[in-house]
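Here are a few notes to read alongside the model. Take them one at a time, and keep the picture open as you go.

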Amino acid sequence: MSTNEQPALLEVRGLTKTFTATPALSDVDFTLYPGEVHAVLGENGAGKSTLIKLITGVYKRDAGTIHLNGKTIEPRNPRHAQELGISAVYQEINLIPTLSVAENLFVGRQPRFLGMVSMQLTNNKARKLLKTFNIDIDVTRDLSAYSIAIQQIVAIVRGVDLSAKILILDEPTSSLDRHEVETLFSVIRSLKERGIGILLITHFLDQVYEISDRITVLRNGRKVGEHLTKELPRKKLISEMLGREFTETLGKRSSQTTADNSKHETFLDVKGFAKRGMIESFDLEIKKGEIVGLAGLLGSGRTELGQLVFGINRSEQGEAFVEGKKVRLNSPRKAIHHGFGLCPEDRKVEGLIADLTVRENIILALQAKMGWYRHIPYRRQEQFANEMIAALHIATPDAEKPVGQLSGGNQQKVILARWLVSNPEFLILDEPTRGIDIGAHAEIINIIKRLAKEGKAMMVISSELAEIVDYSDRVVVLRDRKKLTELTGDEISEDAIMHAIAEK
Amino acid sequence: MKSRFFPLLVTFLVFIAIYAYCYSHFSSFGSMRVVCNLLRDNAHLGIAAIGMTFVIISGGIDLSVGSVIAFTGVFCALMITREGMDPRLAFAIVLGMGTIFGAVMGVFIYYLKIPAFIVTLSGMFLARGMAYVLTTESIRITDPLYIRVSKLVYIFPDKGRFTFAAGAFLAVLVLGIYIAHFTRFGRNVYAMGGNETAALMMGVPVGRTTIMVYTLSSFLATFAGIVLSLSKRSGDSTITVGAEMDIIAAVVIGGTLLTGGVGYVIGTFIGVLLPGVIRTYLTLDGSLSPWWIKIVIGVLLFGFIAMQKLLSTRPRLFSFRRQVRPTNVSTA
Amino acid sequence: MVEMEKQVVAPLDENKPRRTPNFKWSNILRGDNRALWTILALVIILIVDRMVSPSFFTVRMVNGRLTGSLINTLDGAAPIILLSIGMTLVIATKGVDLSVGAVMAICGAVAAVLINRHEAGSDNILYYPGFVIAIAILAGAACGLWNGILVALFDIQPIIATLILMVAGRGIAQMITDGQSPTFSNETLAFMGQGTIFGMPFPVYVALIALVGVFLLVRRTALGLLIESVGINSKASRYTGVNAASIKLFVYIISGICAAIAGLIVAGENTYADPHTAGMWSELDAIVAVVIGGTLLSGGRFNLVLSVVGTLIIQSLRIGLYISDLHPNANLVVKAIVILLVLLLQSKEFKQAIGRLFKPLLKLRAVFR
């Protein structure tokens, strides 16, 4: 297919959006032709969701233009975008689980007979509509009775039926099994035939190669490349997504513990942990004073692995040993009791208690560990907080500021401080440097190294390959919710990691 | 079988079981007399409960209904007896007031984002307080219209008296079912209660629907007050204290999910009658103490809530779902 | 405390000037502005009361008992103060306890029935006044435990979970008293509601002790912090190792105990236990007091002292209306209006709307500048 034979359906030029000083998207161009599937790829923070939110009018753009069929459009909100012909279907399906499939298709525009909403008419129309997509299900049943795949298809059919010209699919396959993905793809193919343009966001590379015609790669809010899918080798795609800079990082490994690594004793030994839909069975051993990096693309199961080890989700099988003793890791409390700590990926939702002060957030984990009765004296709390503010250079006027009012980097430091104060044996850091300015970035990496030197076991999840290569004694590579391999010592390099990820 | 019918089905079965038990002890449960009395005695609760059903399906709550019923009764009595107003005019005025009252509560809830619980709680204080301010005495109404209405009775062969109140209850029941299932407003209420953000994205006018739901609830509560006033032929500011909790309990027992999105008006009808049946049984029995009714309602309430909890956490146990669980994502 | 003493990071530079916010009074009245406004509201209402009735602040000693409107306000507020203390903790965890009124009735009934067995000459030590009071309080704790189990372990919405006991509780109370409103003449129990120490009504002491006791319990231990963290972000709290379930159990039990003591006071005041009316509406009054005191229904930061101030606002309004010639029955209307005003002042959306209204004025000012 050639790009110039037909006029573009959607043309986005110079799209820019800035949130509180850091640009989330800067000067991005994006073109979508009728009847093509255009995948937008990138790691977290690349700007994918900002892009679709600007196109669907969730956010107002700072600069740039959006043309639909050659005409400039100004989508005010998702509903307006829908009226213009841009429908979006999200991973968390925006339908009503308690209504029937038929009603979901026609909410807000129910067919009426003699002024009354007619369920029969609704059902008939729904059946007919679904039949055009070769889907034959009982439309009178609750939406929630169907699998995610069917729900997703219902959402797509609804969007298309509302005269959509452009369909945005945000991670549509992340909770589907192989068979369901096939069903969904057949619907997508029939949409292509109708000349609908599809913007696809997904983190499954195999699926990208299977269904998409064109790929745009974003990184840190910028467009780094646009390619026809068949002309783009896997490895090049991954290197674009991860944006490695050869000259800067090659050979810049600073891990010095490699040599005497074998002397350290094992802190945690996990055997055969797994949870369906999250991660396949894996073994993992972490020694004291060792930094284990988890590398893999977004959605590869790296976060899930961390959560399973920390007891947020219970493993369905396997066993774990802490310092040789068998333990059950079925709740964060248990894990913390064994000396674990976790700095989560989603700081706002899973980490911070926003209305509490910096001081209270810092001492919370220690206090929870000590129990409600053994109250940390106020002076001691202050001391902890002030020490941490000084040591981690947390930018706050004082320890009594609500933590929700700090910037992202400082919030991350507060969460780190929370665990440092509670003095864990083993820390899991999930994307500790995301969304953090350069200065803080280096500080956090130094802290990670220092903690390992003090004998703590560390597990760091990061999409920054250079970073992982820099400090890890061992790197665990994941893809598609599966542990692929482990690299140790001199094997560790960005090239090796990417090779492992890209390998078929 | 559709999972959303399950709570309703349980309600039906429990009702039939209890009714059958009562019938086996007292054959008068088979007479129209008991049936008509059940309808008459619970008419005001039932009418208000139908309004409450919409509120709860939409995901909200309305604590003001009991007070609104009382205020309506007092207002009508005062206007008719003391001011000599035509009852029809008084009804029209009070219905108008009730409608505005509900709409204002809806505005507070939707536009000012104040929790429905606390808005309708102050609505409850306000309506009850207004009733107290009007009068704390019980006022008898002797208007000819009231006498005429009281004579509007269909008498069954076994002396069962089908009164105006019973008729009004059934009429509102039919109206409620119609609104819930055959109007866009009704369907929108269900959609909103199922998932408000999704409903908004799908083009449901969430703001307007919220306001209309509370308006409908207050309107029906006012109407319930009029019906009660007509059958009691008096106004008293101390009646129906705490009725809102009985009404909410009835709605829950009727199979409406308190989390919103699922519920049936007909279920509420049964949920209202159920305590009435137990009360009748206790009266006929005579040896059992009246407090059992509250305890039984509490037990039923617990049972239904526990069932709802199980339904929402272990759906596969109850609704024979064809759920395909993601098994192996990475076979690609 | 070994883990505390270990230094993880470099010690602080001692020369660096450090703010030393010790145990501050502002922590008692946390939420600074709001505390000021709430207390100001109470002061204004008291001043209005004084204007309505010149003798409002007059306190006289009659027969060894202090009398006067101010004393009546405190005395009458005591049961609601107790409820509002428990309710504050419950609301701070994002919950609500609708059953406290019914629990008051249950505990009053338990006490009255048991004490009457003592009066009837039973020698059973369990019927001695001290034990009776203890049993009644235990009954309240059991009610709280029931609520807590439903909320914390079965994860049922608090409104619904406590509605069960609210509905069934009065039935239980009637069952205990066999449908009667038993009167009693036991002086110890009557003292709970009528007694005085140094002329001051006993319930006022009880309320004060409860306030200080619970305050110290939650602020001198880590409970307060843990309650707030669960209320603000229960997921993050779980990830930090906070045991949210036991925190919730705890607050409902405290609420049940507070309700039990309030029930004893009301029963003692009346010298009979009325299972129908004891504690009627009280749960709603307590919720309103907490909301006026600035604790949000969505949970999080709480302030026990301000909740008590909220109760006093409600009570001094009631007393003021009672002694004024205005209208004896306007109390509920005024209460509703006060709640609405407070809600409006707390509503962000309302403030924004007002802000928009005044925008043209601000622009005008900018022009003249």
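1. Let us begin with a term: two residues are in contact if their C-beta atoms, placed from the backbone, lie within 7 Å. Please keep in mind that this is a predicted model.

2. How many residues does each of chains B and C bring to the contact? Chain B gives 34 residues, and chain C gives 33 residues. On the side of chain B that touches chain C, the elements giving two or more residues are α6 (116–134), α12 (243–253) and α14 (292–313) of chain B. The largest share of that side, 11 residues, belongs to α6(B). By residue type, the side of chain B that touches chain C splits into 25 nonpolar, 5 polar and 4 charged residues.

3. Now for chain C itself. Its secondary structure consists of 16 helices and 4 strands. Chain C has 369 residues, and 51% of them count as buried. Among the contacts in chain C with a separation of 6 or more, 78% join residues 24 or more positions apart.

4. Next, look at the largest nonpolar core, which has 386 residues. Those with the most contacts inside this core include Ile47(B), Ala48(B) and Leu301(B) from chain B, along with Ile106(C), Cys107(C), Ala111(C) and Ile261(C) from chain C. Which helix supplies the largest share of this core? That is helix α12 (residues 244–270) of chain C, with 16 residues.

5. Finally, try finding Ile106(C) on screen. Leaving aside residues up to four places away in sequence, Ile106(C) touches Ala139(C), Cys143(C), Gly169(C), Ile172(C), Ala173(C) and Ile176(C).

Definitions and conventions
Residues numbered from 1 in each chain as written. Chains lettered and ligands numbered in written order. Predicted model: local features only at pLDDT ≥ 70, side-chain atom pairs only at ≥ 80, totals over all residues. Buried ≥ 20, exposed ≤ 12 C-beta atoms within 10 Å, placed from the backbone. Core = buried A, V, L, I, M, F, W, Y, C linked by C-beta atoms within 7 Å. Nonpolar A, V, L, I, M, F, W, Y, C, P; charged D, E, K, R; others polar.
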